[in-house]
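Here are a few exercises to work through with the viewer open. Try each task before you read the solution under it.

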Amino acid sequence: MSVTEYANPVRVTVGVGLLVLFVVGGVATLLDLPGAELLTVGAAQRALQAAIPIALAAIGGLYAEKSGVFNIGLEGFMIFGALAAAATASIASGEGAVTQAHLWLGILVAVLVCALLTVVYALLTIRYRADQIVAGLAVWFVALGFGPFTATVIWGGVSSPSLPNVDAITVPVLAEIPVLGRLVFDSSPLLWLTLFLTAAAWVVLYRTRYGYWVQAAGENPQALDTAGVSVNRVRYATVIFSGAMAGLGGAVLSIGIGSGFTGTGVTMVDGRGWIAIVAYLFGNYNPVGAFGAALLFGAMEMLQIQLQTIGIALPGSITELFPYVAVLVVLAAVGYTRMPAAVGEPYETEK
Amino acid sequence: LTDDGDGGDGGDGNGDGGDGTAGDGTGTGDGTSTGDGGSGGTTNIAIVSSPAGFGDRAFNDLALEGLQNAAEEYDIELQQVEETDQSQYGTVQSRLAESQNPDYDLIVLVSYNHTQALQTNAEEYPDQRWMLINAHVEQPNVAGYTWANHEMSFQAGVLAGTMTTRELSHEGNTLNPDNATIGFVGGVDGALINAFERSYVAGAEWVNEDVDVRVGYIGNYTDTQTANNIASSQYDAGADIVYHAAAAAGQGVFQAAQDAQRFAVGVDADQSVTLPDYQDVIMGSAVKYINRGTAEVAQAVVEDNWESVQGPNVLGLEEDAVEVVLGQAVGPKLPDVVTQNLEESKQAIVGGDITVPCTAGGCQD
Amino acid sequence: MVRASVLERFAIAVASTLLALLLGAVIVAASGYDAVEFVTALVYGAFGTISNVAFTLRQTTMLLLTGVAVAIAFRAGVFNIGVQGQFVVGGFATVVTVLFLAPFLPTGVVGGVLLMLLGTAAAMLVGGAYAAIPGVMKAYADANEVITTIMLNFIASGVVFYLVDSHLRPEGASAPNTEQLPSYVDLPGFAFGSSSFSVIGLGVALLTAVVVAFVLGRTRYGYDLVTSGHQAAAAAYAGVDPKRTVVLTMTFSGMVAGLAGAMFAIMILGYYSDPSTFPRFGFDAIAVSLLAANNPLGVIPAALLFGGLDAGGQYIGFTLDVPRQLVDGVVGLVVLFVATPELFRMAGRRTGLGGDEE
Amino acid sequence: MTTENAGQFAVRLDGITKRFGDVVANEGVDLAVESGSVHALVGENGAGKTTLMSVLYGLYRPDAGTISVHGEERRFSSPRDAIDAGVGMIHQHFQLVDTMTVLQNIVLGQEPTSGGLVDQASAREDVKAICDTYGFDVDRYLDTRVEQLGVGVQQRVEIVKSLYRGAETLVLDEPTAVLTPQEVDALFDVMAELTDRGRSLIFITHKLDEAMTAADRITVLRDGKAVGTVDAATTSREELARMMVGRDVLFEVEQRETTPGDVLVDVDDLRVRDDRDLEQVGGVDAEIREGEVLGIAGVEGNGQSELVEALVGLRSVDGGSISFEGTDVTETSRRRRIESGIAYVPEDRQEEGLVQDYTLARNALLGNQTLDPFERGGFLDWSAVRDHADDIIDAYDVQPSDREAEAASLSGGNQQKFIVGRELERDPAFVVASHPTRGVDIGSIEFIHDRLLEMRDRGMGVLLVSSKLDEVQKLSDRIAVMYEGQFVDVVDPDDVTEHDLGLLMTGDSPTDDRSGDGDREVEL
Ligand SMILES: Nc1ncnc2c1ncn2[C@@H]1O[C@H](COP(=O)(O)OP(=O)(O)OP(=O)(O)O)[C@@H](O)[C@H]1O
Ligand SMILES: Nc1ncnc2c1ncn2[C@@H]1O[C@H](COP(=O)(O)OP(=O)(O)OP(=O)(O)O)[C@@H](O)[C@H]1O
Ligand SMILES: [Mg+2]
Ligand SMILES: [Mg+2]
């Protein structure tokens, strides 16, 4: 442990921001690329959009971990969320067309379903003291199996038919603002929801008593216990919240911004749950930082896509690795994120 | 005939030991198995998926569909085996070949991922008939079927190259006639999909030498979101038509087309039919009739006519096994020049006047 | 005390498997399939015939090696989630080495053995080196190894695919596969007529487990490593350099993962291909190791259990029309319950079926 | 008791019994604390003091017995119930969240809110009011994170926290263990202030003097039973000690005159940084000779830990050098230093000195794993290790429940004896002993002191760090006083009073010249 232990969220965020600029600038200069073609408003918009599911899951995950439970099963819960949302929207619409109302219902149900599933997970990890890493991996395995399986039961194949997604909302005048207008005021309401949830998560964590309890539960559960607050109740709440948020992230992916559920291979979630974990660690457990890190991933992904579009001569199978390599580079450079002291330790008051 | 018997015995030597102990009177079944189809009993067919699995809305589903069609016509019992782990193919193949209950008359293997394993197993189980899709193994009991991806992609390029400088408007979706920019979204950046890409580019250039093609790869065949992002990026960069070769993930391309109010070209099946929600943006699809291929082999086995399908079969424009079909909704609005160009290039390819880059199997460099 | 806990782990393994199967059967029945048939096929697929047993043992071999790799790291308190990636690069190293050196060495048994030894050595070297990266990053940059190893899994898969497809694909082939290894580079099947299982492979895996158990229990290095895992501060107090130990542990773990890759390349695949189409041994291994309480010898029965589930699952996939994903889900449930011994302890206590008072 | 005077007791425990499995931690304990008084609870390690108080605080439910507060019987199922009844507890190990600020810690669990958010302003006001009333300086640190504070302040934060929760009765579990004499005095003032204002205190301590000074009444626990309650004013140390241990205890250690030999360890201008990269040792010079005990007195957190860790090789140095037996070992690894004869009794026996879930045999190997006969060519000889563990257990009077017991199951004193035994049995040339008797009962303290002096007499050098000044004074041949990373003075133990040491430790110079002899030089 070193001085970086005290790297505060601001520093991390600034560091990450600088790094992105540096990488983008560096690549652009090196390859003598026209910056205008590389950094388009559309790419920025897509980066924001790509950040949404990651940020949502990350915020849930960081609450759980802040309170002492490492929910490594985010990826699995996202799969369940993606499936539940698509299934609900498609079943609710019956033979008819899927309307916006069906979609929102789907999103709501996905959140509820995942919250329910996480109750089981929370019971196993908190009450029955399951190993958190393995239980989380198991959730992933279970989701990879039962997710597509349920799809087969519903649709006769591992993927849903194509579904519409949530309409963008254009705010009349504000949308005319040059860049920002298109980015924020002519976009999916889910982006606003995510921005709102990010801010709310920050306020709750750092400005309300529940936030204090969450922090205490992960850092020194006994202190919280002796202050008369039930540690495990706090942990149940955060873990269930993390499942609900991952479910929301999955729902956003399948019918919020996507076009239904794809269940082949590692499913359409395709590692975003893992990235979400990385995102909140990057963000040093700060919801705003986590959103920033999710945005970084979105940006790295769009960067590699933009590079392909512009036609630079790197094989696709290599540029796709950009986000992962970026994680390693940033981790090596910015390094340490301080884990809450009691993560992974089940808490018991009295035997 | 003697030859055949020897080979059979030798090959069965190991396998039969196990089977004998497993019992259930397979002795007779074994002897007659190869002739089963002809003698009017039920024909048993197994189909093993590629790593993409069934439900890919691409060749796994198409191959299956062909067999299902055949099963409606003939007395065929179909066993669907989904295996997404390539290292299991050797085992799955031999387990199926050794199976006595049922004794499979034909095992269909989807995609080249099976090639290496089949090289061993085709020899190991000489009495077993195999159909391999998208590759071939030189053995008397193997029917290799490859569709000319490159030829149909060339045609897709002709379609896109023709239209990018023309006007079109359909339900609010338009083309920009002022520039000649089109896009391509591939699944995995490898030899197979590279053939789609390069032939597509060649096709577009055949129409318009100055055409600018934006290319992007997803890295897999499942991530619709990334497909969408790549296509959007290309539409941003001025592309007005994007062709995809990304199986299930390709949906993302259509979605991006709808958002950008541009057009796209589908792949494998007529996607304006299979994905009616995207009819309004699907200008056409590069289609290969894998279903006809599997149905053909199934029929040959039922009718005991193996020789007609055995060996390598490359099916291209000439055989009418691949083509570009125009979209259900958009197609009627396309100018005649499209059909003319498609027909002209088809004749030139069949006649050898155009050399399409790469081969049915992929690009070899 | 020790015996009781071994017995207890065994009971828990059995109980969690049974519970998962029961749940799976319920789901099978609820989805309108025949549950009895499902379970029968699972067992038959795992142990019903010689070739089914061979398949089970083949999976066991792989899970045993990867499980031991995981166990080494976990014992030292390092979460190596990257066994999959290390296994992938290890196998790749084997294939490259064998293909590259084959022209320079005699063919036949001598050449085969030599090539296999060299290929295996290369795998262990590369697997170890690849694992050392997150080790170094943890030791010297405080980078959380759970994250780095997950990232390196993605990277291993992507880079190996690229290399195979663009540099090792033989002329005229379209599949992203390398050339086949020479036919004499293969382990003989002996009693099992299987082309992808060899008793020698299983032997290597068993021997590895025993050697690792010995190293952990009877050598200074093992004591240092295990002590670091139990209580890092006490290990440092006892003169163990924590940074070096992290790097060494990861390297050691990665070497075993690399060995698994070599077995996979030589015994099972016989060539190399797109790693994203490979089985997830490295992930399943985490469950295997945990089930064995990270004890290298305990990994043996645990690997057998999961190997059997794999084989049975595959058999179900092509005999019943139960979708294959269902089997994957049931395996996931087994893992979930295995992670939760306390559930069974409590149940045991409540029903009076034993389980220690703690 | 009649109902009439029942109310005079702030808290009454009647017949409390608490078992952990087979261990009976408390057995029929009665305790009555008068309102507005300080009631001390003394007893050896493992006597059941903490358990009894945890029962009172609702952490444990008693197997038998009742609790009444102000004459009213109560049942506590969680600390919340106890807090509501006006009982507060300050644990041996502080229950503070390191990463949160002092203010957040104080209000944790009872945050005032307005509009859903924590009302920082009103929280601040309330806390300030408490600090003003009792004269605490805690309000200066309200926005500082706890991890940046010294133990003394942390303890006061704990007290404020309890008061904030409206504690009428406050339990202090070994509050003086980590304080300087000045801080102890300050604490006693605070305690007096609290009782003056009608609060009642239960004060747990091992130190009999403190009990007699600060308390009104003293209850002695032994083996989970209350052996008696005495008036502080009329009892004696001897009486208390006999009640605690069940036999007579010697208080004086024979200090034989020794003649120090050659220089064994030479520290030159040593600079060391801590985990946060702050300089904690800022240029220390010292010499330790064979057959000499150098004691280091100082308030914890003034660089002692870092100095010690640098000496034994657990922390790299930032500047300066260390030589041992004439060889420069500044860059030598911890392992080499162990092998060359530097032994270390660590400050933290739970985390460093023992692996809690290892058996004693496995723990006997800790630090010895490269030494003959335990290791040969990389391979371990477990039977040699087991024999060695048995030797330590016998020679150092360690009392495990059985020889295969895990370290965690030993009482603190026994753990400490095992560690001391393991380190000394290696026959080192130099021993660094850090708080070797912290939390250890009187019987074991005597034993450990004897062993250390015995080693010194055999020509070994000893560096002793302790927060107990009496211990430092008794054992040392010279005392270096450490303040803010430097030796501010080196004094002769026979010529200095605890009072003067205390002043030196807080950076002041004693104003009277009793410290005498111009013994001012900082160089050693
Ligand atoms: N959580 C627990 N589980 C099992 N046994 C315990 C537990 N806590 C305490 N004990 C047992 O109860 C006895 C009393 O312990 P307690 O902590 O009350 O002692 P203490 O008087 O506070 O000692 P010390 O002076 O060392 O703090 C111990 O000997 C121990 O064996
Ligand atoms: N879970 C437990 N099981 C068994 N014994 C325990 C447990 N927890 C604590 N003890 C025992 O309780 C006793 C008191 O423990 P505690 O931690 O309060 O103090 P200590 O180690 O004796 O001294 P100090 O805390 O002052 O350093 C010790 O004997 C310890 O071994
Ligand atoms: Mg145009
Ligand atoms: Mg105590």
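## Exercises on a predicted model

D:Pro373 sits in the loop of chain D that runs between α13 (360-364) and β19 (375-376). Keep in mind throughout that this is a predicted model.

**Exercise 1. Find the cis peptide bond that leads into D:Pro373, and then the one that leads into B:Pro102.**

Step 1. Start in chain D: the bond from D:Asp372 to D:Pro373 is cis, and its omega is near 0 degrees.

Step 2. Now go to chain B, where B:Asn101 and B:Pro102 are joined by a cis peptide bond with omega about 5 degrees.

Step 3. Place the second proline. B:Pro102 belongs to the loop between α4 and β3 (106-109) of chain B.

Step 4. Why bother looking these up? Most peptide bonds are trans, and most residues other than glycine have a negative phi. The second half of that leads to the next task.

**Exercise 2. Inspect phi at D:Glu484 and at A:Asp270, and say where each residue lies.**

Step 1. D:Glu484 isn't a glycine, yet its phi is positive, about 45 degrees.

Step 2. Its location is the loop between β23 (478-483) and β24 (486-491) of chain D.

Step 3. Is D:Glu484 buried or exposed? Its relative accessibility is 57%, and the exposed class begins over 50%, so D:Glu484 counts as exposed.

Step 4. A:Asp270 also has a positive phi without being glycine, this time near 50 degrees. Look for A:Asp270 in the loop between α11 (231-256) and α12 of chain A.

**Exercise 3. Work out what surrounds B:Asn220.**

Step 1. Locate B:Asn220 in chain B, in the loop between β9 (212-217) and α8 (224-236).

Step 2. Check its accessibility. The relative accessible area of B:Asn220 is 16%; the cut-off for buried is under 20%, so B:Asn220 is buried.

Step 3. List the contacts, skipping neighbours within four places in sequence: A:Asp270, B:Gly187 and B:Val188.

Step 4. Pick out the polar ones. The side chains of B:Asn220 and A:Asp270 make a polar contact of 3.0 Å. The B:Asn220 side chain also gets to the backbone nitrogen of B:Asp223, at 2.9 Å.

Step 5. Tie this to Exercise 2: the A:Asp270 that B:Asn220 touches is the residue with phi near 50 degrees.

**Exercise 4. Describe the interface of chain A and chain C.**

Step 1. Get a feel for chain A on its own. Chain A has 351 residues, 64% of them buried, and its secondary structure consists of 15 helices and 2 strands.

Step 2. Count the contacts: 45 residues of chain A meet 45 residues of chain C. Of the 5 pairs of chains that touch, A and C have the most contacts.

Step 3. Add the area. About 4,000 Å² is buried between chain A and chain C, with 81% of it from carbon and sulfur atoms. On the chain A side, A:Tyr128, A:Phe141 and A:Phe149 lose the most, together 16% of what that side buries.

Step 4. Look for the polar pieces. The interface has 1 salt bridge: A:Arg129 pairs with C:Glu342, with the closest N and O atoms 3.1 Å apart. It also has 2 residue pairs in polar contact.

Step 5. See which elements and residue types are involved. α6(A) gives the most to this side, with 15 residues. The side divides into 35 nonpolar, 7 polar and 3 charged residues.

**Exercise 5. Repeat the analysis for chain B and chain C.**

Step 1. Here 32 residues of chain B are in contact with 37 residues of chain C.

Step 2. The two chains bury about 2,600 Å² between them, and carbon and sulfur atoms give 42% of that. B:Gln86, B:Arg95 and B:Gln116 supply 27% of the area on the chain B side, more than any other three residues.

Step 3. You'll find 0 salt bridges but 16 residue pairs in polar contact.

Step 4. α4(B) provides the largest share of the chain B side, 5 residues. That side splits into 10 nonpolar, 15 polar and 7 charged residues.

Step 5. As a last check, try chain B against chain D: they don't touch, and their nearest C-alpha atoms are 38 Å apart.

Technical notes:
Residues numbered from 1 in each chain as written. Chains lettered and ligands numbered in written order. Predicted model: local features only at pLDDT ≥ 70, side-chain atom pairs only at ≥ 80, totals over all residues. Heavy atoms only, no water. Contact = heavy atoms within 4.5 Å. Buried area = accessible area lost by both parts, 1.4 Å probe. Salt bridge = Lys/Arg side-chain N within 4 Å of Asp/Glu carboxyl O. Polar contact = N/O pair within 3.5 Å; in protein donor to acceptor, adjacent residues only side chain to side chain. Helix = DSSP H or I, 4+ residues; strand = E, 2+ residues; numbered from the N terminus. Nonpolar A, V, L, I, M, F, W, Y, C, P; charged D, E, K, R; others polar. Buried < 20%, exposed > 50% of the residue type's maximum accessible area, 1.4 Å probe, protein only.
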